[in-house]
Amino acid sequence: MKISYRFIYQVTEYCNYNCSYCNQHNNNSSFNEDYYLYLYDFLSKLSKDIEIINIEYFGGEPTTHYKFKDMIKLYNNIYNIKCVLATNFSADVNLYDEILSLTNNKIARLNLSYHQNHADINEFKSKLKYLAN
């Protein structure tokens, strides 16, 4: 039987959108900036006894965290990790492309949210089409 664990990591509480139904905008609550190193150490040790580790990055908007790419690079060193990224898809498409490269396509799923008051539907679809190729 495969043993699989799922971890949800709230990378940041900050979001770059200002949706009327959400209180994350301009939420500058900061987490211990080195927590991701602690989590890496924990997951590395755990990975020896588990077949699959799923980690879901969410926030706020995780791609706005200034160390997000560092986290992705570091966690990619865990051989049996699969990633899920929950994002409002607001970053430049090159960032998502880079994330896919940094993880050697270990992104199991992208959870994209579309916010009609903040995002252009044509740009959103264009990014989807680019990443699908």
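These legends describe close-up views of a predicted model.

**View 1. Tyr-9 in strand β1 and the residues around it****.** Tyr-9 sits in strand β1, which covers residues 4-10. Its relative accessibility is 8%, so Tyr-9 counts as buried. Beyond its neighbours within four places in sequence, Tyr-9 is in contact with Tyr-35, Tyr-36 and Leu-39. The contacts of Tyr-9 also include Ile-55, Glu-56, Tyr-57 and Phe-58. Met-71 and Tyr-75 complete the list for Tyr-9.

**View 2. Tyr-9 and Gly-59****.** In sequence, 50 residues separate Tyr-9 from Gly-59. In space, their C-alpha atoms are 8.0 Å apart.

**View 3. His-65 in the loop between β2 and α2****.** Strand β2 spans 52-58 and helix α2 spans 68-75; His-65 lies in the loop between them. Is His-65 buried or exposed? The relative accessible area of His-65 is 17%, so this loop residue is buried. The cut-off for buried is under 20%. Leaving out residues up to four places away in sequence, His-65 touches Val-11, Thr-12 and Met-71. Met-71 is in contact with Tyr-9 and is touched by His-65.

**View 4. A nonpolar surface patch with Tyr-38****.** Which residues make the nonpolar patch? Tyr-35, Tyr-38 and Phe-42 make it, and its area is about 310 Å². Tyr-38 belongs to helix α1, residues 35-46. At 51% relative accessibility, Tyr-38 counts as exposed, because the cut-off for exposed is over 50%. Tyr-35 is part of this patch and is also in contact with Tyr-9, which is buried.

Definitions and conventions:
Residues numbered from 1 in each chain as written. Predicted model: local features only at pLDDT ≥ 70, side-chain atom pairs only at ≥ 80, totals over all residues. Heavy atoms only, no water. Helix = DSSP H or I, 4+ residues; strand = E, 2+ residues; numbered from the N terminus. Buried < 20%, exposed > 50% of the residue type's maximum accessible area, 1.4 Å probe, protein only. Contact = heavy atoms within 4.5 Å. Patch = residues over 30% accessible without salt bridge, like charges linked within 9 Å, V, L, I, M, F, W, Y side chains within 5 Å. Areas by Shrake-Rupley, 256 points an atom, 1.4 Å probe, with all protein chains shown as cover. Salt bridge = Lys/Arg side-chain N within 4 Å of Asp/Glu carboxyl O.
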